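Please walk me through this protein model. I would like to know how its interior is packed, where its pocket lies and how one of its helices is set in place.

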Amino acid sequence: MQRLLWIGSPFFCQALQSCGWQDVALHNFEDARVFCWEDLVRLAGFTPDVLVVADKSRPPFVLGMERFPCLTVSYSVDSHIHSWQPLYAQGFDACLVSLRGHLERFSGPFLPPERVWWSPPFAQDEDQPRPDAPKLWDCLFVGTVNENTPRRAAFLQSLAGRLPGLHVQRGNYRALFPQGRILLNHCEHGDLNFRVFEAMGCGGCLLTPRVGHGLTELFVDGEHLVGYAPDDVGDALFRIGLLLKNPELMTYIGETALAEINAGHRARHRAQAFTDHLCDLWMQDAGALIAARQARAAAIREECLKMPYLLWAEELAEPALRQAYLAAARGNFGSAV
């Protein structure tokens, strides 16, 4: 395989090392900035054959990709809260989409459906059971609960009033999950989140809302996990009670969940599926695909990228970033801000 630069959240990037790539460079960052082609080549230390721009749930941070001389892939995880992502994806040769129900949103005038690939969440290799951990709580939720998650806060508050054994905490889920008999999930925006796979990867008995986005295509309710009607406290409470009365069922679900994760839902599985997609693109004449995108760069920018860039230029307070988005809307790209 060729040389790849991955910029943004790492996700399954490290697992690509075992998939036959010649070089894989990762650049994650936390400051607010944007990158052009020259910046990316400098960061990689080589001229990449493939660029992956991975979701960081922030404004678009790579500009000018419609003109880049390599294969380009956008990776969307948070399309449930970022409506601009399908437009931005039109400037790439392909797109990974985490939420199955959003695949059609990313198919557009410059990105056909055969190059929009479903890549569900996954568990990392570090997500593992701890058989020696004591079971401290009947039902455990690990995650953020604040003013930005009002549905979750209301659901957990109502559930806590009827379930004394509920424990809610932020922290290291790998240390906490093994201490819960039932691992509770809540999806604030109806998304199939990483917590599903992390809990199962830790061998937990997962209780999660039936959110769609491929959940039933990946797992069997009552076999790998237990589903409840979203935001339905009564339904969740009924299923918690049923599970607690049947500890052997909880053990069985945790074991089958772990086996299913190990069989097909670790980072290495997503890395291999991605690599297979890229191999297919190489076989289909990657050079022609890149040339076609470059030839349509002005149209891509005018029809799909200009509006979100102008909106971000108006939204952001940092003058240098505002100027960068205004310049990108005109087709001018400088060095990193």
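The paragraphs below take the nonpolar cores, then the pocket, then a buried glutamine, and finally one helix. The model is a predicted one.

In soluble globular proteins, nonpolar side chains tend to be buried together. Here the largest nonpolar core holds 34 residues, and the members that touch the most others are Ile7, Leu51, Val62, Tyr88 and Tyr309. Two or more residues of this core come from each of strand E1 (3–8), helix H1 (37–44), strand E3 (50–54), helix H12 (297–315) and helix H13 (319–330). Helix H12 provides the largest share, six residues. The surroundings of Tyr88 can be listed in detail: beyond its neighbours within four places in sequence, Tyr88 is in contact with Val53, Pro60, Phe61, Val62, Met65, Leu305 and Tyr309. A second core, separate from this one, has 30 residues, among them Trp6, Leu96, Phe122 and Phe274.

The largest pocket encloses about 910 Å³ of space. Its lining is made up of 39 residues, and Phe11, Val77, Asp78, Phe194 and Glu198 are the closest to its centre. Helix H6 (194–201) and helix H10 (267–283) each contribute at least two lining residues. Helix H6 gives the most, with three.

Gln85 belongs to helix H2, which covers residues 85–89. Is this polar side chain's residue buried or exposed? Gln85 has a relative accessible area of 5%, and because the cut-off for a buried residue is under 20%, Gln85 counts as buried. Setting aside residues up to four places away in sequence, Gln85 touches Asp55, Ser76, Val77, Asp78, Ser79 and Phe106. Two of these contacts of Gln85, Val77 and Asp78, are also listed among the residues closest to the centre of the largest pocket.

Helix H8 consists of 12 residues, 233–244. At 1.5 Å a residue it should span 16 Å, and its end C-alpha atoms are 16 Å apart, so the expected and computed spans agree. At the N-terminal end, Asp232 acts as a cap for H8: one of its side-chain oxygens is 3.1 Å from the backbone nitrogen of Gly234. The buried residues of H8 are Val233, Asp235, Ala236, Leu237, Ile240 and Leu243. An α-helix has 3.6 residues a turn, so residues three or four places apart point the same way. Among the elements that cover the buried residues of H8 are strands E7 (137–142), E9 (180–184), E10 (206–209) and E11 (226–228), together with helices H4 (150–160) and H9 (247–264).

Definitions and conventions. Residues numbered from 1 in each chain as written. Predicted model: local features only at pLDDT ≥ 70, side-chain atom pairs only at ≥ 80, totals over all residues. Heavy atoms only, no water. Helix = DSSP H or I, 4+ residues; strand = E, 2+ residues; numbered from the N terminus. Expected span 1.5 Å × (residues − 1). Buried < 20%, exposed > 50% of the residue type's maximum accessible area, 1.4 Å probe, protein only. Contact = heavy atoms within 4.5 Å. Polar contact = N/O pair within 3.5 Å; in protein donor to acceptor, adjacent residues only side chain to side chain. Core = buried A, V, L, I, M, F, W, Y, C linked by side-chain atoms within 4.5 Å. 1 Å grid on protein atoms, 1.4 Å probe; cavity = no way out; pocket = protein on both sides within 12 Å on 5 of 7 lines; lining within 4 Å. Points joined across faces, edges and corners; volume = space filled by probe spheres on them.
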